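Trainee: I have a protein–DNA model to go through. Can we take the contacts step by step?

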There are 2 protein chains.
Amino acid sequence: MKASPASKSIAQPPMSDRIYQSLKWSLIIGEYFPGSDLSIRSLAKKMGTSTMPVREALTRLASERLLLSSVKRSYKVAELDPKRVADQFFLRARLEGIATRLAVPNLTTEQIAELETLASMMDKDIEGGSNENYIVRNYNFHFSIYAASQNEELFWSIERLWAQTGPYLAQVVRNQTMPDEWQVLHSNIAKAIKSRNADLAAQLIEKDISWGVETFEAFTNSGASK
Amino acid sequence: MKASPASKSIAQPPMSDRIYQSLKWSLIIGEYFPGSDLSIRSLAKKMGTSTMPVREALTRLASERLLLSSVKRSYKVAELDPKRVADQFFLRARLEGIATRLAVPNLTTEQIAELETLASMMDKDIEGGSNENYIVRNYNFHFSIYAASQNEELFWSIERLWAQTGPYLAQVVRNQTMPDEWQVLHSNIAKAIKSRNADLAAQLIEKDISWGVETFEAFTNSGASK
DNA sequence: CGTCAATATCTGTGATCACTAATACATTGA
DNA sequence: TCAATGTATTAGTGATCACAGATATTGACG
């Protein structure tokens with residue numbers, strides 16, 4: 001890693017990239033709700049740029065199926081659709097299981113220690129009801145594992161799915177108290193990884209994801225589906 | 001459904017979309033080689049449009065990791081990288097296996113009959129050495145199966161991977177005679193589906209994909225890697 | 001004849017404008 | 001009172017221009 005190449009400015013990434021990343025992250029952590037409209041001009045105004053880079057960011061997100069582009073009307077987050085959400089969580093379970101299996105032998109003892117501290121902090125987040133912290137730590141926990149799979153395409157595919165299921169998370173989880181059963185789940189995953197039991201770790205990860213489908217069914221059956 | 005709103009034109013999809021689809025298909029069928037440069041202006045000239053829609057198409061493709069956008073230099077197809085290609089084929093094998101397992105119970109007898117005729121035509125393509133036809137029919141064969149999985153996200157993920165591995169195909173396969181072992185492979189897949197043996201079908205699909213890794217290893221070991 | 005610097009010619013990026021289509025709302029008619 | 005219609009607003013799309021950075025070319029000098 002060498003010193004900064006540019007002489008004067010710190011060579012920021014292109015504006016369109018920054019907007020793209022920012023929006024993607026907002027989707028992942030559930031800042032946007034299903035059905036939300038995202039207009040080019042209003043976003044451009046908010047970000048203090050022209051419409052061009054915003055438009056580029058939105059077309060990219062739509063191309064990755066993270067947003068919908070209605071024919072001539074504004075870009076929007078997909079509406080909550082049972083079949084679609086089920087498909088996405090099914091894929092997540094498979095891919096994240098695969099990634100975990102690949103990762104277990106690769107994770108260093110330092111990385112596993114970090115996972116353990118993260119897991120215990122997440123337990124505290126659940127007790128304290130701080131959903132915001134939990135969501136970010138949950139992302140970090142999972143994706144440090146998936147990064148260790150050392151398969152970039154796999155990592156990217158999973159992150160894409162998180163961005164797709166994020167708005168669902170916003171709708172269902174963000175304003176609820178988290179069930180106690182979630183406690184120790186991530187600690188157990190860390191434990192399984194520590195003992196280098198790839199099958200168990202993958203199994204637990206898939207179980208962690210299955211709550212999504214279950215919570216969703218409970219959610220739609222309760223008549224909350226608008 | 002009312003009459004066409006526009007008085008003269010048939011409401012074509014946006015130019016940027018058409019360019020995007022066209023380029024993606026070119027990638028899938030291996031028309032571009034690893035390392036190829038794709039400049040906005042030259043493509044715009046070739047397509048008879050302004051730079052704008054081309055630029056949009058290219059940023060979308062780059063966002064899906066189908067192209068690379070070098071810092072300030074033109075967009076390009078990724079160079080052949082053993083690790084990367086291996087990762088992609090690994091993922092393809094997993095995802096296409098999953099899709100096949102889901103698809104087998106869903107495929108109608110008519111669809112299976114179509115798969116059988118496609119398979120026999122592919123056998124003839126191999127005998128006749130018509131790689132071009134084989135490539136397109138191979139796409140149709142595989143993706144009629146994956147469509148029957150009825151999981152759009154899965155379908156899309158697989159198609160994305162095909163677009164990523166397409167240029168590799170262009171480099172390695174396009175100008176070679178196809179090995180005889182490929183014969184009957186797809187017929188066997190169709191047969192397994194017909195007998196509703198999902199496990200066997202998935203196994204054969206994964207085997208069909210594994211040639212990619214093997215051929216690649218043979219290719220790189222032969223010193224052909226530039 | 002070789003090396004290096006100046007420059008000309010690409011590249012993508014971002015801003016601005018013109019255009020068409022779709023929505024919202026008010027006006028008008030029955 | 002309600003429905004149909006027309007208009008104003010707002011949406012994304014595409015073209016054009018200005019700009020900065022990277023490469024390739026060319027020229028001069030050692």
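Mentor: Start with a term: helices are DSSP runs of H or I with at least four residues, numbered from the N terminus. Keep in mind that this is a predicted model.

Trainee: Which element gives the most to the surface near DNA strand C?

Mentor: Elements that give two or more residues there are α1 (15–28) and α3 (51–63) of chain A, together with α2 (40–47) of chain B. The top contribution is three residues. That element is α3(A).

Trainee: What share of the strand C atoms within 4 Å of the protein belongs to sugar or phosphate?

Mentor: Take the phosphate side. A polar side-chain atom of A:Ser16 lies 3.4 Å from a phosphate oxygen of DNA strand C. For A:Ser50, a side-chain N or O atom is 2.4 Å from a phosphate oxygen. Bases make up the rest of those atoms, and sugar or phosphate accounts for 63%.

Trainee: Which residue has a polar side-chain atom 2.9 Å from a base nitrogen of DNA strand C?

Mentor: Of the 18 residues around the strand, five come nearest, among them A:Met15 and B:Ile40. The base nitrogen contact comes from chain B. The residue is B:Arg41.

Trainee: Now the protein interface. How many salt bridges are there between chain B and chain A?

Mentor: Chain B and chain A put 28 residues each into the contact. One salt bridge joins the side chains of B:Glu153 and A:Arg84, at 3.5 Å from N to O. The count is 10.

Trainee: Which element gives the most to the side of chain B that touches chain A?

Mentor: α3 (51–63), α4 (82–103) and α7 (152–172) of chain B each supply at least two residues. The top contribution is 10 residues, from α4(B).

Methods
Residues numbered from 1 in each chain as written. Chains lettered and ligands numbered in written order. Predicted model: local features only at pLDDT ≥ 70, side-chain atom pairs only at ≥ 80, totals over all residues. Heavy atoms only, no water. Near = heavy atom within 4 Å. Polar contact = N/O pair within 3.5 Å; in protein donor to acceptor, adjacent residues only side chain to side chain. Contact = heavy atoms within 4.5 Å. Salt bridge = Lys/Arg side-chain N within 4 Å of Asp/Glu carboxyl O.
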